[in-house]
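Here is a friendly walk through one structure, taken a few residues at a time. Keep the view open as you read, and turn it as each part comes up.

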Amino acid sequence: MKRGLMLAAASLCVFVVVAALMLKLMPAPLKESDYMVIGSMATLVALGVLFLVLVSTTLKSSDVFFKKRRK
């Protein structure tokens, strides 16, 4: 339970940092579509980081995406 909360908090922090960074980098007159792009990119990065953390910590085998079948 605690691990899930930590992962959720870390993903939220990554989302906030990416969104704030993109708000700073985008040109001044922002339209509604600019906010949608910023939110989409922040979501993509946050989910990517969450995926990488889960793959690197939970599954420690070398073949993460492939299972060996019994013959």
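## Starting in helix α2

V49 is found in helix α2. Before going on, please keep in mind that this is a predicted model. At 35% relative accessibility, V49 is partly exposed, because that class covers values between the 20% limit for buried and the 50% limit for exposed. How far apart are V49 and S33 in space, C-alpha to C-alpha? The answer is 24 Å, with their positions 16 residues apart in sequence.

L44 also belongs to helix α2. With a relative accessible area of 56%, L44 is exposed, since a value over 50% puts a residue in that class. L44 joins V37 and M41 in making a nonpolar surface patch of about 260 Å².

## The nonpolar core

Which residues make up the largest nonpolar core? There are five of them: V18, A19, M22, I38 and A42. Two elements, α1 (2-25) and α2 (32-57), each give two or more residues to this core. The largest share, three residues, comes from α1.

A42 is a good core residue to click on. Leaving out residues up to four places away in sequence, A42 touches F15, V18 and A19. Of these contacts, V18 and A19 are themselves named in the core.

## Along helix α1

Next, look at two residues of helix α1, beginning with S11, which lies in this helix. Is S11 buried or exposed? S11 is buried, with a relative accessible area of 15%, and this follows because buried means under 20%. When neighbours within four places in sequence are set aside, S11 is in contact with A46 and L50.

L5 lies in helix α1 too, but its setting is another one. L5 has a relative accessible area of 55% and is exposed, as it passes the cut-off of 50%. The C-alpha atoms of L5 and S56 are separated by 18 Å, and the two residues are 51 apart along the chain.

## A buried acid

D34 is found in helix α2, and its side chain is worth a look. D34 is buried yet has no salt bridge. Which side chain of opposite charge is nearest to D34? That is K31, 5.6 Å away; a salt bridge would need a side-chain nitrogen of Lys or Arg within 4 Å of a carboxyl oxygen.

What does D34 touch, not counting residues up to four places away in sequence? Its contacts of this kind are M26 and P29.

## After helix α2

Finally, T58 has its place in the segment after α2. Its relative accessible area is 45%, so T58 counts as partly exposed, a value between the 20% and 50% limits.

T58 touches R3 and V53, again not counting residues up to four places away in sequence. To see these contacts in your viewer, select T58 together with R3 and V53.

Conventions
Residues numbered from 1 in each chain as written. Predicted model: local features only at pLDDT ≥ 70, side-chain atom pairs only at ≥ 80, totals over all residues. Heavy atoms only, no water. Core = buried A, V, L, I, M, F, W, Y, C linked by side-chain atoms within 4.5 Å. Buried < 20%, exposed > 50% of the residue type's maximum accessible area, 1.4 Å probe, protein only. Helix = DSSP H or I, 4+ residues; strand = E, 2+ residues; numbered from the N terminus. Contact = heavy atoms within 4.5 Å. Lys, Arg positive; Asp, Glu negative; His and termini not counted. Patch = residues over 30% accessible without salt bridge, like charges linked within 9 Å, V, L, I, M, F, W, Y side chains within 5 Å. Areas by Shrake-Rupley, 256 points an atom, 1.4 Å probe, with all protein chains shown as cover.
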